[in-house]
Amino acid sequence: MNVSLGLELQHDDNIFQSADNAISSAIGIVTPNIGLNGVVGNHLFSLDYDGEYGWFDDSPDDDYDNHQVTAGAYLARNSRLGLDVIGTFDSVYERRGRGLTEGLDPGFGLPTEPDEFRQVDGVLRLRLGAPASTARLVF
């Protein structure tokens with residue numbers, strides 16, 4: 001098991017990246033991470049969580065929490081045949097004035113809340129051949 005916790009304090013003098021009506025704020029950020037790994041025979045299993053929680057002192061509407069969960073199974077029949085199955089779930093936030101809302105003025109046209117996105121990804125990978133082989137195939 002791997003566990004870590006990051007703490008950060010920032011100050012942004014223009015949190016919306018606006019040419020007019022700049023708003024400054026202190027930002028507190030906490031980043032917890034937890035990783036679990038296990039081995040059963042030739043197989044490796046993993047489960048990871050990465051979080052990021054942010055608090056804006058002068059703009060509480062922009063407080064956020066980002067999450068990423070990744071689960072993986074790395075299945076090895078032997079040194080020449082393996083199957084990797086990996087899935088990821090993301091729930092992320094994009095600050096107002098960044099990305100899709102970059103350049104919009106807070107007084108006119110800027111959304112009242114940050115954008116939030118959820119995404120699910122998966123990988124299925126078949127490995128054929130010894131790791132050091134020049135004829136190794138990965139699909």
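Is H67 buried or exposed? H67 is buried, with a relative accessible area of 18%. The cut-off for that label is under 20%. The close-ups below come from a predicted model.

**View 1. H67 and its surroundings in strand β4.** H67 is found in strand β4, which covers residues 64–78. Its side chain makes a polar contact with the side chain of Y49, at 2.7 Å. Leaving aside residues up to four places away in sequence, H67 touches Y49, D50, Y53, F89, D90 and S91. Y49 is thus named twice for H67: as a polar partner and as one of the residues touched.

**View 2. T70, a second buried residue of strand β4.** T70 also has its place in strand β4. T70 counts as buried because its relative accessible area is 17%, and the limit is under 20%. Residues up to four places away in sequence are again not counted. On that basis, T70 touches S46, L47, D48, I86, G87 and T88.

**View 3. The largest nonpolar core.** Seven residues make up this core. They are I15, F16, I27, I29, F56, Y64 and Y93. In soluble globular proteins, nonpolar side chains tend to be buried together. Y64 gives a way into the view. Y64 touches I29, F56 and Y93, among others, and these three are also core members. E52, Y53 and G54 are further residues that Y64 touches. Residues up to four places away in sequence are left out of the contacts of Y64.

**View 4. A nonpolar patch on the surface.** The patch is made by M1, V3, I34, L36, L47, V69, F89 and V120. Its area is about 750 Å². M1 lies in the segment before β1 (2–12). M1 is exposed, with a relative accessible area of 72%; the cut-off for exposed is over 50%. Two patch members, L47 and F89, also appear in the earlier views. L47 is touched by T70, and F89 is touched by H67.

**View 5. The D12–R95 salt bridge.** The count of salt bridges in the model comes to three. One of them joins D12 and R95, with the closest N and O atoms 2.8 Å apart. This pair links distant parts of the chain, 83 residues apart. D12 is in strand β1. R95 is in the loop between β5 (81–94) and β6 (115–128). Both D12 and R95 are buried. Side chains of opposite charge can pair when their charged atoms come close.

**View 6. A network around D84.** The side chains of R125 and D84 meet in a salt bridge, 3.0 Å from N to O. R125 lies in strand β6 and D84 in strand β5, so the pair ties together parts that are 41 residues apart in sequence. D84 also forms a salt bridge with R127, where the closest N and O atoms are 2.9 Å apart. This pair links distant parts of the chain as well: D84 in strand β5 and R127 in strand β6, 43 residues apart. Salt bridges that share partners join D84, R125 and R127 into one network.

How buried or exposed are these residues? D84 is buried, with a relative accessible area of 5%. R127 counts as buried at 18% relative accessibility. R125, at 29%, counts as partly exposed.

How values were computed: Residues are numbered from 1 along each chain as its sequence is written. This is a predicted model: local features need pLDDT of at least 70, side-chain atom pairs count only at pLDDT 80 or more; totals for chains, interfaces and linings use all residues. Side-chain values use heavy atoms; hydrogens and water are left out. Helices (H or I, at least four residues) and strands (E, at least two) are DSSP runs, numbered from the N terminus. Buried means under 20% relative accessible area, exposed over 50%, partly exposed in between (1.4 Å probe, protein chains only). A polar contact is a pair of N or O atoms within 3.5 Å; within protein, one must be able to donate a hydrogen and the other to accept it, and residues adjacent in sequence count only if both atoms are side-chain atoms. Contact means heavy atoms within 4.5 Å. Patches are made of residues with over 30% relative accessible area and no salt bridge: like charges are joined within 9 Å, nonpolar side chains (Val, Leu, Ile, Met, Phe, Trp, Tyr) within 5 Å. Accessible areas come from the Shrake-Rupley method with a 1.4 Å probe; for residues, only the protein chains shown count as cover. A salt bridge is a side-chain nitrogen of Lys or Arg within 4 Å of a carboxyl oxygen of Asp or Glu. A nonpolar core is a set of buried Ala, Val, Leu, Ile, Met, Phe, Trp, Tyr and Cys residues joined through side-chain atoms within 4.5 Å.
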